[in-house]
Amino acid sequence: ILNLPLKKIWFNNLVPHLDDNKNKQDLCFIIQPSVIIDNGIEFVYYLRKKYNGKVALVLGDRVGIYPESFNIENLRKIVDIICTYNPVDSKKYGIPLHPSMVYSLKIKEEIPFKDRENDVFSIGQEKGRGKEITEVFRRCNELGLKCDFILVGECSSSKCDGIKYVNWMPYDQVFERIKHAKCILNILQPGASGITLRDSEAYNLGCFLLTNNYAKEQDTIFNEGQVILINELNHRVA
């Protein structure tokens, strides 16, 4: 909310405890954009000066979603490598594409698939997808499916009865809701592709994945029939 001054005094607390006997030249710090957005590029300079290691910046969202101050061309000169999950941005900005990653999520008290009360779960910021999310919600309801849809943050599209609108929701609450769903909706924002967190959630919980995105990597993650493309929704349900 406020850009506090003198952030450097907290930099030491942002780095995990490191063994002083470890060869610091072997270190590579892998950071997300939020680290630079929240703390400034001075934090990268701090890492270099204190540990004499490498710094890799891994983009977890498409480039266009970050603030103007987060300038890719300037950051190339500051970090050792910038990489992205998104093939579209990789080609557009000349950024290396890191291998697709599927996270192993720790699941407590997993609910058997047959006992889950919601058919389709969706959560995320609008990011140009508001109308499409609303349309999928209406189609699912017409098919008699029980939906749990949440839109986070500001929305430019008209609000729809039955969809929950919130300013923010902590991930532990998100995950609890996912545990009650048989299918997860994953609509990629315009200009994005590749494996996302929604894919990891569906993989770990054995959910169906309803999506507008098909990536070849999904064939090695999901069982046949587990991924349902949105434009095939009526056909697959029938």
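## Exercises on a predicted model

Strands β2 and β3 (residues 81–84) run parallel to one another, paired over 4 bridges. Strands here are DSSP runs of E with at least two residues, helices are runs of H or I with at least four residues, both numbered from the N terminus, and two strands pair if DSSP finds at least two bridges between them. The model is predicted: local features need pLDDT of at least 70, side-chain atom pairs count only at pLDDT 80 or more, and totals for chains, interfaces and linings use all residues. Residues are numbered from 1 along each chain as its sequence is written, and side-chain values use heavy atoms, with hydrogens and water left out.

**Exercise 1.** Place strand β2 among its partners, and say how many of its residues are buried.

*Solution.* Let's start with the other partner.
- Strand β1 (residues 28–31) also pairs with β2 in the parallel sense, over 4 bridges.
- On that side, Phe-29 sits opposite Val-55 of β2.
- Towards β3, Val-58 has Cys-83 as its bridge partner.
- As for cover, 5 of the 6 residues in β2 (residues 54–59) are buried. Buried means under 20% relative accessible area, exposed over 50%, and partly exposed in between (1.4 Å probe, protein chains only).

**Exercise 2.** Find out why Cys-83 has no bond to the closest cysteine sulfur.

*Solution.* Recall the chemistry, then check the distance.
- A disulfide is a covalent bond between the sulfur atoms of two cysteines.
- The cut-off used for a disulfide is a pair of cysteine sulfur atoms within 2.5 Å.
- The closest cysteine sulfur to that of Cys-83 belongs to Cys-28 and is 9.3 Å away, so it is too far for a bond.
- Cys-83 is also buried, at a relative accessible area of 10%.
- Cys-207 is likewise in no disulfide, with the sulfur of Cys-183, its nearest, 7.5 Å away.
- Cys-207 counts as buried too, at 1% relative accessibility.
- Over the whole structure, the search finds 0 disulfides.

**Exercise 3.** Describe where Tyr-103 lies and whether it is buried, partly exposed or exposed.

*Solution.* Begin with the chain, then look at the surface.
- Tyr-103 belongs to the loop between α5 (87–93) and β4 (118–125).
- Its relative accessible area is 44%, so Tyr-103 is partly exposed.

**Exercise 4.** Summarise the protein chain as a whole, starting from its helices and strands.

*Solution.* Three values will do.
- The secondary structure comprises 9 helices and 9 strands.
- Of the 238 residues, 44% are buried.
- The C-alpha atoms fill a box of roughly 60 × 35 × 35 Å along the principal axes.
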